[in-house]
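Me: I'd like a close look at one part of this protein model, and then a walk outward from there. Please keep it plain, since I'm new to this.

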Amino acid sequence: MRDEIFSQKNDLVNFTFDAQVADVFDDMVRRSVPGYQAMIEMIGLSVKTYGQKNTNYYDLGASTGATSIAISLNNPHTNNRIIAVDNSPSMAKKCKANLTPVVDYADVVCADINTIEFNNASLVVLNLTLQFISPENRQTLINKIYQGLNPGGALIVSEKIHFNDPHTQQLMSDLHLDFKRANGYSELEIAAKRQSIENVLITDDEQTHFQRFKMAGFNTSTCHFQCLNFASFLAVK
Ligand SMILES: C[S@@+](CC[C@H](N)C(=O)[O-])C[C@H]1O[C@@H](n2cnc3c(N)ncnc32)[C@H](O)[C@@H]1O
């Protein structure tokens with residue numbers, strides 16, 4: 001279904017992943033996040049290298065399940081479970097409906113990712129989710145994920161990022177605006193969504209992500225994909 005939420009809405013409450021957003025999410029994310037499809041494909045491929053037999057894969061903030069599906073399509077290992085977690089009941093319902101017909105080893109859990117335990121994990125994905133977690137809780141969450149990962153396992157974090165150099169920040173913001181315009185969003189829709197989401201989606205810069213991975217104990221971390229102001233980081237234990 002086409003995302004027209006901000007063409008109709010002008011009561012600017014904070015953005016939430018409610019039933020209305022869940023209905024249009026697939027269209028919204030593709031038209032708003034440059035490189036989203038490639039980002040998902042790269043995550044899917046990573047299961048070949050970092051996935052391990054007899055382990056769990058966690059998809060945190062799974063939304064409608066695109067990441068879990070990409071993982072399942074590429075998984076060459078045996079005896080795995082995909083644990084797809086989202087705290088929005090509408091998203092969890094859609095995720096379950098999308099995963100059930102295509103993967104028989106996935107559990108969809110409606111829960112806050114700050115409260116779950118990570119066990120025997122070889123791949124953990126936070127695809128566009130950490131940015132919605134309170135900044136003061138982010139290090140604790142990454143630490144917990146690190147503790148739950150097996151040696152050789154990986155965490156992938158994709159985020160909207162900001163740049164400390166004002167010129168680069170302006171350039172990337174302008175190019176992102178052009179991307180949204182090219183995907184059919186009007187100036188009014190773009191402005192309304194920005195107002196609605198600005199207190200909810202809190203970006204970090206690249207260095208903050210790397211420092212957080214290091215503090216948690218990850219040996220290696222790198223930016224393995226970037227399109228404008230959206231980046232995917234790969235951290236390996
Ligand atoms: C931008 S979407 C993620 C997109 C998805 N990972 C994908 O690849 O298509 C962010 C998701 O995180 C979920 N979320 C936000 N905070 C959460 C939390 N504390 N616990 C669980 N899910 C959360 C939202 O409900 C939403 O579905």
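Which residues of helix α5 (residues 89-99) are buried?

Reply: Keep in mind that this is a predicted model. In α5, the buried residues are Ser90, Met91, Ala92, Lys94, Cys95, Asn98 and Leu99. What do they pack against? Those buried residues of α5 sit against α2 (19-32), α4, β2 and β3 (106-110). So that you can see how such a label is given, here is the rule: a residue is called buried if 20 or more other C-beta atoms lie within 10 Å of its own, and exposed if there are 12 or fewer.

Two of those partners, α4 and β2, lead us to the ligand. Each of α4 and β2 (81-86) supplies at least two residues of the shell around the ligand. That shell has 20 residues, and the closest to the ligand are Phe17, Gly61, Asn87, Ser88 and Asn127. Sorted by class, the shell holds 10 nonpolar, 8 polar and 2 charged residues.

Stay with α4 for a moment, as it has a helix partner too. Two packed helices are described by the angle between their axes and the distance between the axes. For helix α3 (residues 36-50) and helix α4 (residues 66-74), the axes come within 8 Å and cross at roughly 40°. That angle is why α3 is called oblique to α4. The crossing of these two is right-handed. On the α3 side, the contact is made by Ile40, Glu41, Ile43, Gly44, Leu45, Val47 and Lys48, and on the α4 side by Ala66, Thr67, Ala70, Ile71, Leu73 and Asn74. By class, this contact of α3 with α4 has 8 nonpolar, 3 polar and 2 charged residues.

Next, look at the loop between α4 and β2, where you'll find Asn79. Most residues other than glycine have a negative phi. Asn79 isn't a glycine, yet its phi is positive, at about 60°. Asn79 is also exposed, because it has 9 other C-beta atoms within 10 Å.

Leu228 is another case to look up. This residue is in the loop between β6 (220-227) and β7 (230-236). Its phi is near 55°, again a positive value in a residue other than glycine. Leu228 counts as partly exposed, because it has 18 C-beta neighbours inside 10 Å.

Now for a buried residue in a strand: Val124 lies in β4. With 26 C-beta neighbours inside 10 Å, Val124 counts as buried. Leaving aside neighbours within four places in sequence, Val124 is in contact with Tyr58, Leu60, Phe118, Ile145, Leu149 and Leu155. The C-alpha atoms of Val124 and Gly51 are separated by 9.6 Å, while the two residues are 73 residues apart along the chain.

Follow the chain on from β4 (121-127) and you get to Ile133, in the loop between β4 and α6. Ile133 has 19 C-beta neighbours inside 10 Å, so it counts as partly exposed. Not counting residues up to four places away in sequence, Ile133 touches Asn114, Arg138 and Leu141. Try finding Leu201 as well: its C-alpha atom is 8.2 Å from that of Ile133, with their positions 68 residues apart along the chain.

Thr203 makes a similar kind of link. You'll find Thr203 in the loop between α8 (187-197) and α9. It has 14 C-beta neighbours inside 10 Å, so Thr203 counts as partly exposed. The C-alpha atoms of Thr203 and Gln131 are separated by 5.8 Å, and these residues are 72 residues apart along the chain. Gln131 is also one of the contacts of Thr203, together with Glu159, Lys160, Ile161 and His162, once neighbours within four places in sequence are left aside.

The loops of Ile133 and Thr203 each border a helix of our last pair: α6 for Ile133 and α9 for Thr203. Helix α6 (residues 135-148) and helix α9 (residues 206-216) pack at an angle of about 50°, with their axes 9 Å apart. These two helices are therefore oblique to each other. Their crossing is right-handed. From α6, Arg138, Gln139, Ile142, Asn143 and Tyr146 meet Arg212, Phe213, Met215 and Ala216 from α9. By class, this contact of α6 with α9 has 5 nonpolar, 2 polar and 2 charged residues. Arg138 ties things together here, as it is also touched by Ile133.

Note on methods:
Residues numbered from 1 in each chain as written. Predicted model: local features only at pLDDT ≥ 70, side-chain atom pairs only at ≥ 80, totals over all residues. Axes fitted to C-alpha atoms, helices over the stretch in contact; angles between N-to-C directions. Helix = DSSP H or I, 4+ residues; strand = E, 2+ residues; numbered from the N terminus. Parallel < 35°, antiparallel > 145°, perpendicular 65-115°, else oblique. Left-handed = near helix turned anticlockwise from the far one by under 90°. Contact = placed C-beta atoms within 7 Å. Nonpolar A, V, L, I, M, F, W, Y, C, P; charged D, E, K, R; others polar. Near = placed C-beta within 6 Å.
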